[in-house]
Each structure stands twice: as structure tokens, then as C-alpha cells.
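Trainee: Let's go through this one together before I set anything up.

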Amino acid sequence: MATLITPSRFSSSLSVSQAQYGANVPSMADTLPSIDFGFNDLRERMAQSTVRFDDFIARGQKRVLDERNAFRMSVAELEESQRHKEHSILALEAQSTAHAHTLAKEAAETAEMHAAIHTLTTQKDAHLTRRDALKTEIADVQTLIKVKREAQTAHQRSLDAQARHNIPELRFWEHCLGLRIEGTGVEDCLRFVFLEVDGREAGRECWFELLMGGREYEVGATKPKLVREEVDEMQERLNEGREQGGFLKGMRGLFVQGFEGSRS
């Protein structure tokens with residue numbers, strides 16, 4: 001490999017030579033052939049290398065700048081995406097919380113509705129049981145009313161038959177016994193007035209009141225006052241036989257006995 005001789009080295013050699021041989025002695029350089037070192041070509045190649053290097057550096061700088069800008073844009077996009085995702089996460093957390101509250105509220109409402117349904121079902125069962133009991137009770141009452149109506153109808157028929165039988169007899173007793181029937185101002189109460197009971201006092205009246213509102217006849221007040229045991233006995237005969245003619249005859253007899261007893 002050939003060693004390059006730079007101009008500085010050549011100049012220093014020339015100075016040394018001149019110092020040795022003096023200024024008037026011809027130098028060896030003058031006798032040497034001219035050498036073309038190719039500085040111009042070297043400078044041109046170096047300039048081209050410099051241009052290529054500068055272009056490489058510029059392209060490298062541009063690439064670095066582009067990559068840095070792209071990195072910054074990517075980082076910005078990632079930060080924006082992260083912020084967007086954070087907002088989305090917050091929104092989803094809020095929705096999840098609201099959904100959890102909604103589920104809890106619906107669960108509470110469902111439990112309340114089930115409790116209300118259970119209560120209504122219990123009330124319905126109780127009402128159905130009460131309704132069935134009332135239906136049974138109504139049926140029993142209707143049956144009892146029917147029986148009572150039938151008994152009352154039969155009793156009314158008996159009374160009507162007895163009345164048809166007693167009316168002629170009652171008129172006979174009114175004519176023969178001097179009997180008069182009056183009202184007392186009280187419902188279902190009649191007053192039976194006898195005349196000519198006392199032979200000594202022709203105009204003297206004797207009477208008793210008969211209560212007919214109940215199922216059985218009941219003798220009330222009497223004038224003059226009679227013995228209650230005897231009155232009760234006549235009352236019992238009337239309720240047993242329903243014979244008003246015999247009852248009126250017996251009551252008249254009690255009045256006659258009372259007058260005779262008072263005179264004796």
C-alpha cells in the first residue's frame with residue numbers, strides 16, 4: 001500500500017534541504033518530476049461523500065422526526081383512547097350501579113308483591129270459607145224459615161178452621177150469655193165483657209182480657225179479680241183444645257162462683 005505525501009511534509013523536507021545546501025544550490029525538488037496527487041478529484045469525492053453523508057443525516061433526521069411525530073401521535077391517540085375508555089368505564093360503572101339499584105328495587109317490589117299476593121290469597125281463602133259457611137247458614141235458615149212457614153200455614157189453617165167452627169158458637173154465646181167483645185187499644189188483645197152474671201145486679205159487667213199475640217193464649221187482667229190458679233187452668237185448657245166456647249163458658253162460671261163466694 002503506497003504512502004501518501006502531504007504538502008506539509010513536502011514543504012518541511014524542502015526547507016531542510018535548502019538549509020543544508022543553501023539558497024544557491026539547486027534543490028532536489030527542482031530535479032524531481034512533477035507528481036499529480038489528484039487533490040481536485042479527492043476534494044470532489046470528499047464533497048460528494050459530504051453531500052451523501054449530509055443527505056443521509058438529513059434523511060435520518062427526517063426519519064427520526066417522522067418517527068417521533070408518529071410516536072407522539074400514537075401516544076396522543078393512546079391517551080385519547082385511554083381517556084375515552086376511562087369515560088366509558090365510568091359510564092358503565094354508573095350504569096352498573098343504577099342497574100344494581102334497579103334490580104334491588106325490583107327485588108324488593110317483587111317480594112312486596114309476593115307478600116301482598118300471599119295476604120290476598122289468605123284473605124280470599126278466608127272469604128271463601130266464610131262464604132261457604134254463610135251459604136250453609138243461609139240454607140239452614142231458609143230451611144228453618146220454610147219449616148216455620150209451613151207450620152205457621154198449618155197453624156193458620158187450623159185457626160181458620162177453628163174460627164169457622166167457633167164463629168157460630170161465639171155468636172150463640174154472645175146471645176145466650178150476654179157476651180160482648182171489645183178492643184183494649186193494645187195490639188192482639190181483646191176484652192170479653194159478660195152481662196147479667198150477677199142476678200141481683202142486672203147491669204153489672206164482668207170482663208177479662210185475652211192476649212193472642214203469642215203462640216199461646218194468655219188471660220190478662222180480670223174484673224172482678226179471680227183466683228189466678230183457676231184462671232191458669234182455664235187458660236191451659238184453651239191452649240190445649242182451642243175450644244173458645246168451652247173457655248168462655250168456664251170463665252163465666254168463674255165469675256159466677258166469685259159472686260156467689262163473695263155473698264157467702
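Trainee: How many bridges join strand 3 to strand 4, and is the run parallel or antiparallel?

Mentor: Strand 3 and strand 4 are joined by four bridges, and the two run antiparallel. Strands here are DSSP runs of E with at least two residues, helices are runs of H or I with at least four, and both are numbered from the N terminus. This is a predicted model in which local features need pLDDT of at least 70 and side-chain atom pairs count only at pLDDT 80 or more, while totals for chains, interfaces and linings use all residues. Residues are numbered from 1 along each chain as its sequence is written, and side-chain values use heavy atoms, with hydrogens and water left out.

Trainee: Through how many residues does the hairpin join strand 3 to strand 4?

Mentor: That hairpin joins strand 3 to strand 4 through six residues. Within this pair of strands, Leu-211 stands opposite Glu-218, which is in strand 4.

Trainee: OK, and what order do the four strands of the sheet take?

Mentor: The order is 1-2-3-4 in an open sheet with antiparallel pairing, where a pair requires at least two DSSP bridges between the strands. Strand 1 (179-183) and strand 4 (218-223) stand at the edges with a single partner strand each, so one side of each lacks a neighbour in the sheet. Neighbouring strands are turned against each other by 25 degrees on average, with direction ignored, the axes being lines fitted to C-alpha atoms and angles in general running from 0 to 180 degrees between N-to-C directions.

Trainee: Back at the other edge, how many bridges join strand 1 to strand 2?

Mentor: Five bridges join strand 1 to strand 2, which covers residues 189-195, and these two strands run antiparallel. If you want a residue to look at, Ile-181 has Phe-192 in strand 2 as its bridge partner.

Trainee: Switching topic, how many salt bridges does a search of the whole structure find?

Mentor: The search finds 10 salt bridges, each being a side-chain nitrogen of Lys or Arg within 4 Å of a carboxyl oxygen of Asp or Glu. One of them pairs Arg-180 with Glu-205, with the closest N and O atoms 3.3 Å apart. This pair links distant parts of the chain, since Arg-180 is in strand 1 and Glu-205 is in strand 3, 25 residues apart.

Trainee: Are Arg-180 and Glu-205 buried or exposed?

Mentor: They fall in between: Arg-180 counts as partly exposed because its relative accessibility is 29%, and Glu-205 counts as partly exposed at 37%. Salt bridges with shared partners also join Arg-180, Glu-182 and Glu-205 into one network. On the scale used, buried means under 20% relative accessible area, exposed over 50%, and partly exposed in between, with a 1.4 Å probe and protein chains only.

Trainee: And in helix 3, how far apart are Asp-55 and Arg-59 along the chain?

Mentor: Both lie in helix 3 and are four residues apart, about one turn of the helix. Asp-55 forms a salt bridge with Arg-59, where the closest N and O atoms are 2.7 Å apart. Asp-55 is partly exposed at 39% relative accessibility, and Arg-59 is partly exposed at 45%.

Trainee: What does Lys-62 form a salt bridge with?

Mentor: Its partner is Asp-66, with the closest N and O atoms 3.1 Å apart. Lys-62 and Asp-66 are both in helix 3, four residues apart, again about one turn of the helix. Lys-62 counts as exposed because its relative accessibility is 52%, whereas Asp-66 is partly exposed at 39%.
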